[in-house]
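Trainee: Could you take me through one part of this structure slowly, with its aromatic rings as the place to look closely? I would like to follow each step of the reasoning.

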Amino acid sequence: QVQLVESGGGSVQAGGSLRLSCQASGYTSNLVSGRYMAWFRQAPGREREGVAAIFPDGVKTYYPDSVQGRFTISRDSAKNTLYLQMNSLKPEDTAMYYCAARRLGGAITDIQTLSLGSYPYWGQGTQVTVSS
């Protein structure tokens, strides 16, 4: 089991930046290293969507076109923490942001890294509000 707690959300004006953090804990090794992890978001009335994923090697990342070049996912294995740096924020980025982790082992495709069904472990979310 992996427990995830997000933080860092808040209110910001369009064009601003925020950095979200996701602290992982649990009675298992490799809480963030060696596993797929991702950030998702859900705006009111809309489906939850993936916005960034990081592969087990910690190097390869994947983003949808909507955030490519603006969002950066990273991790600090020593701190068991996942990050999402969000720059050039837009009002349409307003949503609850969730951290997710996959079980160790196995490989998935790039597209699958942004699929809800790929992740059994989820945090409670942190709200991001971007005003125009």
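Mentor: Let us begin with a word we shall need: a residue counts as buried when its relative accessible area is under 20%. Please also keep in mind that the model is predicted.

A search of the whole structure finds three aromatic pairs, and one of them brings together the rings of phenylalanine 40 and tyrosine 119. A pair of aromatic rings is described by two quantities, the distance of the centres and the angle of the planes. For phenylalanine 40 and tyrosine 119 the centres are 5.6 Å apart and the planes stand at 75°, and because planes over 60 degrees apart count as edge-to-face, this pair is given that name. Both partners, phenylalanine 40 and tyrosine 119, are buried.

It helps to ask where the two residues sit along the chain. Phenylalanine 40 belongs to strand β4, which covers residues 37–42, while tyrosine 119 is in the loop between β9 (95–101) and β10 (121–122), so the pair ties together parts that are 79 residues apart in sequence. Tryptophan 122 joins them too, since ring pairs link Phe40, Tyr119 and Trp122 into a cluster.

Tryptophan 122 then leads us to a charged neighbour: arginine 48 lies over the face of its ring, at 5.1 Å from the ring centre. Arginine 48 also lies over the face of tyrosine 98, where the distance to the ring centre is 3.7 Å.

From the rings we can turn to the nonpolar cores. The largest of them has 30 residues, and Leu4, Trp39, Phe71, Leu84, Met86 and Tyr97 are the members that touch the most others. Several strands give two or more residues to this core, namely β3 (18–25), β4, β5 (49–54), β7, β8 (81–86), β9 and β11 (126–131). Apart from this core lies another, of nine residues, and among them are Ala38, Phe40, Ala100 and Tyr119, so that the edge-to-face pair of phenylalanine 40 and tyrosine 119 has both its partners in this second core.

Leucine 4, named above in the largest core, gives a last link back to the rings. With its neighbours within four places in sequence left aside, leucine 4 is in contact with a list of residues that includes Met37, Ala100, Tyr121 and Trp122. Here we meet Trp122 again, the residue that ring pairs link with Phe40 and Tyr119, and also Ala100, which is one of the nine residues of the other core.

Methods: Residues are numbered from 1 along each chain as its sequence is written. This is a predicted model: local features need pLDDT of at least 70, side-chain atom pairs count only at pLDDT 80 or more; totals for chains, interfaces and linings use all residues. Side-chain values use heavy atoms; hydrogens and water are left out. Rings of Phe, Tyr and Trp (its six-membered ring) pair if their centres lie within 6.5 Å; planes under 30 degrees apart count as stacked, over 60 as edge-to-face and the rest as tilted. Helices (H or I, at least four residues) and strands (E, at least two) are DSSP runs, numbered from the N terminus. Buried means under 20% relative accessible area, exposed over 50%, partly exposed in between (1.4 Å probe, protein chains only). A charge sits over a ring if NZ of Lys or CZ of Arg is within 6 Å of the ring centre and within 35 degrees of the ring normal. A nonpolar core is a set of buried Ala, Val, Leu, Ile, Met, Phe, Trp, Tyr and Cys residues joined through side-chain atoms within 4.5 Å. Contact means heavy atoms within 4.5 Å.
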